[in-house]
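Open your viewer and keep the selection box handy. We will go step by step, from the whole chain down to single residues.

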Amino acid sequence: MTEKTTAELENLRGLIDGVDSQLLSLLRKRLDLVAQVGTVKHAAGLPIYAPAREAAMLGKRRAEAEAMGVSPQLIEDILRRLMRESYMSEKDVGFKQVNPELGHIVIIGGQGQLGRLFAQMFALSGYEVRLLDKDDWDHADELFDGAGLVLVTVPIATTCSLIRERLDHLPEHCILADLTSVKGAPLKAMLETHKGPVVGLHPMFGPDVGSLAKQVVVVCHGRAPEKYQWLMEQIGIWGARLVEADAGRHDKAMQLVQAMRHFSSFVYGLNLCREQADIDTLLEFSSPIYRLELAMVGRLFAQSGELYADIIFAQEESLTAISDFIDNYRDALELLKTGDRAGFIARFNEVSNWFGNYSQQFLTESRAMLQSVNDMRSV
Ligand SMILES: O=C(O)C(=O)C[C@]1(C(=O)O)C=C[C@@H](O)C=C1
């Protein structure tokens with residue numbers, strides 16, 4: 001580099017630093033305003049996530065960006081990231097308590113990660129939460145006395161027997177709910193054991209989400225929905241979207257969404273391990289999509305084997321879904337073994353037609369994800 005180039009670059013970089021510092025001051029200002037919005041919303045009991053406001057704001061900013069020669073996608077990306085920050089900061093202010101008359105809440109399995117997350121959300125909403133864990137059963141009656149909600153969040157394998165054996169004498173007005181990732185059997189067990197209001201919930205997220213904004217909670221109604229309507233409203237105030245589902249339809253979807261999905265990630269990891277793949281080399285040569293895939297598989301093994309065994313072994317029917325997957329894998333392998341390229345392309349087109357417009361939608365969505373993966377690269 002010539003001296004002149006160095007000087008020019010230094011000057012321009014100094015100006016960029018100045019602009020970035022201004023951005024930082026503006027961010028500080030925005031965070032302060034958002035904190036005030038959080039206080040107003042808390043007092044009024046409004047949900048943390050305001051989709052109509054977001055859509056209107058993004059629309060306006062995109063149009064302004066276009067007029068200024070700035071990419072609309074750039075401002076949208078930045079604002080979405082900022083709003084993620086808002087969900088976190090507004091959460092800290094706490095939430096309106098929809099049902100102050102409830103009495104306390106007992107969370108069975110409250111030391112588990114999901115139990116802890118729900119305990120925190122209820123506490124942030126002003127409820128008194130008591131945790132009941134393995135060693136607390138000898139004073140369970142005391143804990144249940146006066147409870148308005150009992151929430152079961154123990155491993156799937158023990159959920160139904162725990163409900164049947166331990167929860168058959170809850171106060172009748174008390175709501176019984178669970179957070180298990182299968183819904184049919186636990187709902188049946190709750191309805192057969194408890195005479196009062198019953199509802200099955202499945203939070204479709206892990207305990208490491210920073211906020212519940214935009215997350216999905218599946219609701220399978222059990223008995224007396226008017227008695228737990230407040231709970232639906234409370235979860236809505238936390239920002240989550242409630243999706244009502246029939247337990248059978250939910251469980252069938254989970255055979256693919258969870259059991260088959262996690263099983264194939266498990267085998268992928270198992271295969272890398274048995275092949276003694278060198279992860280550093282894989283990362284060095286990884287394309288963004290490979291890195292994303294490796295992250296999705298690798299994150300499984302940062303969690304507990306028991307948790308994934310619970311999810312994969314939860315429904316006998318998942319065995320059929322996984323076996324079908326393996327049959328299709330074997331058939332496709334046959335195309336490779338026999339060098340049947342035309343057969344491969346024919347199958348590819350069959351699947352492509354089946355995906356229809358979704359494939360285009362997924363192409364667009366994944367492009368943004370891959371770009372963020374690439375942004376995170378520092379070398
Ligand atoms: O305007 C609000 O209601 C806010 O909470 C602020 C804000 C934002 O950061 O701009 C954050 C979350 C909402 O979903 C919409 C907008």
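What percentage of the 379 residues in the chain do buried residues make up? The share is 23%. Keep in mind as you look around that this is a predicted model.

**Stop 1: the whole chain**

Show everything as a cartoon and colour by confidence. The average pLDDT of the chain is 95, and 100% of the residues score at least 70. For the model as a whole, ipTM is 0.98 and pTM is 0.89. Now colour by secondary structure: the chain holds 15 helices and seven strands. If you turn the C-alpha trace along its principal axes, the spans are about 85 × 65 × 40 Å.

**Stop 2: residues 3-94**

Select 3-94, where UniProt, in an unreviewed entry, places the feature "domain: Chorismate mutase". This span is 88% helix and 0% strand. Its end C-alpha atoms lie 56 Å apart.

**Stop 3: the ligand**

Stay in this part of the chain and show the ligand with its surroundings. Which residues are around the ligand? Select Val-34, Val-37, Tyr-49, Ala-50, Arg-53, Glu-54, Leu-82, Met-83, Ser-86 and Glu-90. The elements that each give two or more residues to this shell are α1 (3-44), α2 (51-67) and α3 (72-93). Colour α3 separately, since that helix gives the most to the shell, with four residues. Next, colour the shell by class: you should find six nonpolar residues, one polar residue and three charged residues.

While α1 is on screen, pick Thr-39, which is in this helix. Is Thr-39 buried or exposed? Thr-39 has 12 other C-beta atoms within 10 Å, so it counts as exposed. For a long view across the model, draw a distance from Thr-39 to Tyr-290: the two are 251 residues apart in sequence, and their C-alpha atoms are 43 Å apart in space.

**Stop 4: residues 103-366**

Move on to 103-366, which an unreviewed UniProt entry annotates as "domain: Prephenate/arogenate dehydrogenase". Over these residues the chain is 57% helix and 14% strand. The C-alpha atoms at the two ends are 46 Å apart.

**Stop 5: the largest nonpolar core**

Select Leu-149, Val-150 and Leu-151 and show their side chains. The largest nonpolar core has 49 residues, and these three touch the most other members. Strand β3 (residues 147-152) gives the most to this core, with five residues. Why does the core lie between domain 1 (3-93) and domain 2 (104-245)? Both domains give residues to the core, so that is where it lies. Giving the two domains separate colours will help you follow this.

**Stop 6: two positive phi angles**

Go to Lys-214, in the loop between β5 (198-203) and β6 (216-223). Its phi is near 70 degrees, a positive value in a residue other than glycine. Lys-214 counts as partly exposed because it has 17 C-beta neighbours inside 10 Å.

Then follow the chain to Ala-224, in the loop between β6 and α8 (225-237). Ala-224 is another residue other than glycine with a positive phi, here near 55 degrees. With 15 other C-beta atoms within 10 Å, Ala-224 is partly exposed.

**Stop 7: three helices further along**

Select Tyr-268 in helix α9 (residues 247-274). Its 16 C-beta neighbours inside 10 Å make Tyr-268 partly exposed. Add Val-297 to the selection: Tyr-268 and Val-297 are 29 residues apart in sequence, and 7.2 Å apart in space from C-alpha to C-alpha.

Now find Lys-337 in helix α13 (residues 318-337). Lys-337 is exposed, with 8 other C-beta atoms within 10 Å. Between Lys-337 and Asp-278 there are 26 Å in space, C-alpha to C-alpha, for a separation of 59 residues in sequence.

Finish at Arg-367, in helix α15 (residues 357-376). How many other C-beta atoms lie within 10 Å of Arg-367? There are 10, so Arg-367 is exposed. One last distance to draw runs from Arg-367 to Leu-270: they are 97 residues apart along the chain, and their C-alpha atoms are separated by 28 Å.

Methods:
Residues are numbered from 1 along each chain as its sequence is written. This is a predicted model: local features need pLDDT of at least 70, side-chain atom pairs count only at pLDDT 80 or more; totals for chains, interfaces and linings use all residues. A residue is near a molecule or strand if its C-beta atom, placed from the backbone, lies within 6 Å of it. Ala, Val, Leu, Ile, Met, Phe, Trp, Tyr, Cys and Pro count as nonpolar, Asp, Glu, Lys and Arg as charged, and the others, Gly among them, as polar. pLDDT is the predictor's confidence in each residue, from 0 to 100. UniProt positions are given in the numbering used here, feature names are shortened, and annotations may be inferred rather than shown by experiment. A nonpolar core is a set of buried Ala, Val, Leu, Ile, Met, Phe, Trp, Tyr and Cys residues joined through C-beta atoms within 7 Å. A residue is buried if 20 or more other C-beta atoms lie within 10 Å of its own, exposed if 12 or fewer, and partly exposed in between; C-beta atoms are placed from the backbone. Domain bounds come from an automatic or database domain assignment.
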